[in-house]
Amino acid sequence: MDKLIIQGRKKISGKVAIAGAKNAALPLMAASLLVDGWNTFSNVPVLRDIRTARLLLEHLGVEVRNGKEIQINAKGLHSHTAPYELVKTMRASILVLGPLLARLKQVKVSLPGGCAIGARPVDQHLKGFELMGAKIEIEHGYIKAKTRGLKGAKIYFDVSTVTGTENLMMAASLAKGTTILNNAAQEPEVVELAQVLNKMGAQIDGAGSEVITIEGVSALKPVTHEIMPDRIEAGTFLVAGALAGGTVEVAPCIPSHLGALLQKLEEANVKLETKENSITVKGGGSLKGVNVTTLPFPGFPTDMQAQFMVLLSLAEGMSAITETVFENRFIHVSELQRMGADIEIKGNTAIVRGVKHLSGATVMASDLRASASLILAGLAARGATEVTRIYHIDRGYEAIEEKLRGLGAELGRVKE
Ligand code: EPZ
């Protein structure tokens with residue numbers, strides 16, 4: 001397994017290029033299953049998860065061409081089974097369930113199982129499909145679903161679920177009649193999926209609000225689409241600039257996708273300059289402690305919680321970070337404590353008392369965003385930091401060490 005070695009306290013400055021959004025690309029690749037013909041997606045990030053998604057589609061009989069763009073053609077779709085070996089490496093594989101049920105009327109997908117940050121059940125996905133007329137069985141670790149034909153239904157999500165909303169929106173696009181998703185997720189990635197489905201000929205209204213209405217149609221057609229920039233990668237580099245800048249320009253990005261984060265950065269006394277497609281952050285100022293609660297969009301994103309905690313661990317005064325989305329998303333805390341951070345966990349709240357500095361140490365990554373937070377801590381800490389199990393970071397950040405080195409950071413990857 002590889003590890004990253006980071007020399008701390010090197011000032012970073014310059015412009016960093018943000019890749020396409022992982023959490024937009026994954027549902028869009030699944031949406032390709034809904035149509036026969038070549039879909040073309042550009043600005044697809046080069047990530048392990050994207051490679052896994054490609055393997056899954058090819059396993060199903062789908063043709064995928066990889067170049068600067070990804071082209072996907074589901075004309076040869078011949079299997080309805082997403083095997084454990086693939087699903088266990090990427091939970092988002094659950095996103096093939098809706099399209100396969102809509103197209104083949106039967107599907108067998110391995111239960112994704114939990115991960116480091118929580119149990120991550122898919123009960124809301126399954127409840128929705130049952131309401132749409134699917135018969136669901138769970139045995140031997142697989143979800144088996146079949147239907148004589150999906151029909152529109154009124155669905156109330158007990159909890160806001162991003163992939164649950166996406167899964168049902170895709171299935172409803174080819175169902176008979178009208179589907180209404182209440183308490184739907186409002187994330188930008190949900191909105192982008194709805195936009196692409198409508199480009200394919202679907203009839204979806206309300207994406208981006210908590211009520212989405214889908215009028216089923218008989219068939220969809222292939223499209224070409226450029227994937228939006230990754231708001232979480234952009235947010236991660238803004239925190240890097242706040243911690244170790246100099247002046248860092250993050251582009252392209254869409255400021256309206258980062259509203260809650262930008263507000264909290266400014267409350268913490270971080271200097272930002274926001275333009276239409278870029279945000280510039282100036283580091284070096286004194287950081288002020290603030291309170292943060294993670295919530296579904298447009299609230300503060302849970303995927304930025306670990307990164308923001310590093311900033312608060314070096315801010316004046318006391319901060320409280322409350323994680324309301326996942327039940328176990330504080331695994332990075334013990335690693336940050338080893339670097340000298342003063343953090344106390346009380347239930348789903350982390351009380352952070354700012355310290356003068358962090359000190360480099362050997363720390364272990366546990367999940368995608370926790371590994372990003374440990375890299376950020378290494379940039380700010382005195383001395384060297386070794387982040388082990390760095391394969392987690394490769395799932396969601398394209399060429400992160402090259403991008404950081406391009407800004408003047410001193411870090412390298414070594415084989416363990
Ligand atoms: C998506 O995961 C993202 N992944 C996650 O990003 C992100 O953290 C999460 O949304 C929340 O924003 C992708 O889009 C591929 P949820 P998802 O369903 O859809 C509970 C990253 O770092 N829940 O919105 O799996 C669930 O347990 C990843 O890029 C149910 O109880 O998350 C969680 O507590 C990590 N039953 C909450 O809802 C269900 O059926 C939100 O989960 C579904 C979810």
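Two strands pair if DSSP finds at least two bridges between them. Keep that in mind for the hairpin below, and note that everything here comes from a predicted model.

**A hairpin to start with**

Strand 4 and strand 5 make a hairpin, with three residues sitting between them. Strand 4 covers residues 63-66 and strand 5 covers residues 70-73, and the two pair in the antiparallel sense over four bridges. If you want a spot to click on, Glu63 stands opposite Asn73 in strand 5.

**Strand 23 and its partners**

Next, look at strand 23, residues 384-388, which is joined by four bridges to strand 1, residues 2-7. Those two run antiparallel, and Ile6 stands opposite Thr385 in strand 23. Strand 23 also pairs with strand 22 (residues 362-364), this time in the parallel sense and over three bridges. In that pairing, Val363 faces Val387 of strand 23.

**Around the ligand**

There are 22 residues around the ligand, and the ones that come nearest are Gln124, Thr161, Thr163, Asp303 and Val325. Sorted by class, the shell has eight nonpolar, seven polar and seven charged residues.

Here are some of the polar approaches to the ligand:

| Residue | Protein atom | Partner | Distance |
|---|---|---|---|
| Lys22 | polar side-chain atom | ligand oxygen | 3.0 Å |
| Arg120 | polar side-chain atom | ligand oxygen | 3.1 Å |
| Gln124 | backbone N or O atom | ligand oxygen | 2.7 Å |

With the protein in place, 88% of the 820 Å² of accessible area that the ligand has on its own is covered.

Which helices supply at least two residues each to the shell? They are helix 1 (22-31), helix 5 (123-131), helix 6 (162-173) and helix 12 (368-380). Helix 5 gives the most, with three residues.

Arg120 deserves a second look. It lies in the loop between strand 7 (106-110) and helix 5, and it has a positive phi of about 50° although it is not a glycine. At 27% relative accessibility, Arg120 counts as partly exposed, because that class takes in values between 20% and 50%.

**Helices 6 and 12**

Helix 6 has twelve residues, and its first and last C-alpha atoms are 17 Å apart, close to the 16 Å expected at 1.5 Å a residue. Ten of those twelve residues are buried, so the helix is largely enclosed by the rest of the structure. The buried ones include Gly164, Glu166, Asn167, Met169 and Ser173. At the N-terminal end, Thr161 acts as the cap: a side-chain oxygen of Thr161 lies 2.9 Å from the backbone nitrogen of Gly164. Thr161 is also one of the residues that come nearest to the ligand.

Helix 12 is mostly covered too, with 13 of its 13 residues buried. Its end C-alpha atoms are 19 Å apart, which agrees with the 18 Å that 13 residues should span at 1.5 Å a residue.

**Strand 15 and a buried serine**

Strand 15 spans residues 245-251 and holds Thr247. Is Thr247 buried or partly exposed? At 34% relative accessibility, it counts as partly exposed. The C-alpha atoms of Thr247 and Lys11 are separated by 9.1 Å, with the two residues 236 apart along the chain.

Gly246 is found in strand 15 as well, and a cis peptide bond joins Gly245 and Gly246, with omega about 25°.

Ser278 lies in the loop between strand 16 (271-274) and strand 17 (279-282). At 7% relative accessibility, Ser278 counts as buried, because the cut-off for that class is under 20%. The side chain of Ser278 is joined to the side chain of Glu249 by a polar contact of 3.5 Å.

**Other backbone details**

Another cis peptide bond joins Phe297 and Pro298, where omega is about 10°. Pro298 has its place in the loop between strand 18 (292-294) and helix 10 (305-313).

Asn43 is a residue other than glycine with a positive phi, near 60°. You'll find Asn43 in the loop between strand 3 (38-42) and helix 2 (48-59), and its 29% relative accessibility makes it partly exposed.

Note on methods: Residues numbered from 1 in each chain as written. Predicted model: local features only at pLDDT ≥ 70, side-chain atom pairs only at ≥ 80, totals over all residues. Heavy atoms only, no water. Near = heavy atom within 4 Å. Polar contact = N/O pair within 3.5 Å; in protein donor to acceptor, adjacent residues only side chain to side chain. Areas by Shrake-Rupley, 256 points an atom, 1.4 Å probe, with all protein chains shown as cover. Nonpolar A, V, L, I, M, F, W, Y, C, P; charged D, E, K, R; others polar. Expected span 1.5 Å × (residues − 1). Buried < 20%, exposed > 50% of the residue type's maximum accessible area, 1.4 Å probe, protein only.
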